[in-house]
Amino acid sequence: MDDDGEALQKALLRKNLQKQLDEFQMLSAIFCNPGELQVDEYGCFENLNSFIAGETDRLDTKLDYRFELPLLPNEKVQILVELPHLYPALEIPRIVIRSAVIPRAQERTLTSRIERYIEEEVPERDEPYIYQVIGWIQDNFADLMLESTVEKKEPAQRIVTSATSGQSSKLVFERLWIYSHHLKSKAKRQTIIKTARDLELSGFSRPGKPAIICVEGHQCDTQEFWRTIKHLKWQKIQIKLCETEVVGSEKQMVDLRHFEGAFREELFCEMDEDSDTDDQPMSMSLFMKFLEKHNCGYIKRELFGFQSNTMDTPAS
């Protein structure tokens with residue numbers, strides 16, 4: 001890109017980011033009751049303002065926030081909003097509904113319905129429109145729930161056979177090993193567990209510092225899990241290892257799983273009765289024994305640089 005093109009691109013970015021910040025200020029004045037509008041990382045405002053002011057050329061973050069609104073009887077519902085840098089002019093926001101009482105499949109249907117509303121009902125998208133979308137969700141939530149429940153009844157098949165070609169899509173097993181700088185937020189931890197269980201994935205998450213997450217199951221579901229959690233606020237998160245294998249049956253899929261039962265949280269700490277478990281340091285010895293028990297000793301090198309035949313000696 002030449003200098004003129006780069007300057008135009010930055011000008012467009014600054015214009016859109018300023019509109020995002022102005023919109024958030026407006027939303028903060030409207031949704032001003034405690035807990036109604038929340039931001040996990042207020043540091044994003046510093047980066048965005050610095051970029052707009054020309055003090056930095058790096059955009060290290062996006063503007064993400066969430067609403068917690070009483071849309072169900074005796075139950076608050078989260079509406080997660082993630083704004084791409086070129087919203088509102090060229091990109092649409094990602095808006096996801098989350099609730100402990102709404103199944104994951106239904107949440108996906110609701111997300112698709114919101115995207116359809118934006119495409120059909122917000123034809124002119126030069127100006128921010130999050131308030132319009134949130135208002136529409138509030139006004140139509142009961143109908144949206146009913147509509148998504150009806151759609152959910154149609155069985156989602158992982159192996160789809162084409163009537164014309166007679167061909168079947170591949171059945172792929174996948175195991176993801178995910179590493180993060182830290183995981184402490186109880187809300188984030190609950191989202192991870194709920195998402196994995198709703199997708200019928202096995203595996204575990206280890207909160208604390210560092211955080212380690214392993215999920216295994218159908219590739220379409222592990223990828224959906226990754227798409228969901230990576231949009232949560234993280235200092236750093238990455239897939240350390242992705243293991244995939246094409247299989248011929250559900251039984252082969254089950255045989256490849258290293259973890260039985262439902263996805264769960266594991267602490268791997270030496271319990272101290274007087275300490276908060278969230279603050280307990282991870283016991284490397286317990287974690288290594290857990291990996292060996294589940295035939296996952298090979299992952300030590302990927303996660304920590306340990307040799308596969310030792311527990312305590314870093315790889316040279």
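1. A good place to start is helix α5, whose buried residues pack against β4 (94-98), α3 (104-121), β6 (202-206), β7 (211-218), α6 (219-229) and β9 (264-265). Keep in mind as you look around that this is a predicted model.

2. Which residues of α5 are buried? They are K188, R189, T191, I192, I193, T195 and A196, so charged side chains such as those of K188 and R189 are listed alongside I192 and I193. The helix itself covers residues 186-198, 13 residues in all. From its first C-alpha to its last it reaches 18 Å, close to the 18 Å expected at 1.5 Å a residue. Just after α5, have a look at E200, which takes a positive phi of about 60°.

3. Next, turn to the largest nonpolar core, which has 42 residues. Y65, F67, I130 and I137 are the residues with the most contacts inside this core. At least two core residues come from each of α1 (3-30), α2 (43-52), β2, β3 (75-83), β4, α3 and α4 (130-152). Which element gives the most? That is α4, with 8 residues.

4. Y65 is worth a closer view. Leaving aside neighbours within four places in sequence, Y65 is in contact with E23, F24, L27, L37, Q38, V39, I79, L80, V81, L83 and I130. A second, separate core has 17 residues, and among them are L176, I193, I229 and F263. I193 brings us back to helix α5, where this residue is one of the buried ones.

5. Now for D64, which lies in strand β2 (residues 63-72). Is D64 buried or exposed? D64 has a relative accessible area of 13%, and because the cut-off for buried is under 20%, D64 counts as buried. Setting aside neighbours within four places in sequence, D64 is in contact with V39, V81, E82, L83, H231 and K233. V39, V81 and L83 also appear among the contacts of Y65.

6. Last, the cysteines. How many disulfides does a search of the whole structure find? The search finds 0. C296 is accordingly in no disulfide, and the nearest cysteine sulfur, that of C214, is 6.0 Å away. A disulfide needs two cysteine sulfur atoms within 2.5 Å. C296 is buried, with a relative accessible area of 0%, whereas C220 counts as partly exposed at 43% relative accessibility.

How values were computed:
Residues numbered from 1 in each chain as written. Predicted model: local features only at pLDDT ≥ 70, side-chain atom pairs only at ≥ 80, totals over all residues. Heavy atoms only, no water. Buried < 20%, exposed > 50% of the residue type's maximum accessible area, 1.4 Å probe, protein only. Helix = DSSP H or I, 4+ residues; strand = E, 2+ residues; numbered from the N terminus. Contact = heavy atoms within 4.5 Å. Expected span 1.5 Å × (residues − 1). Core = buried A, V, L, I, M, F, W, Y, C linked by side-chain atoms within 4.5 Å.
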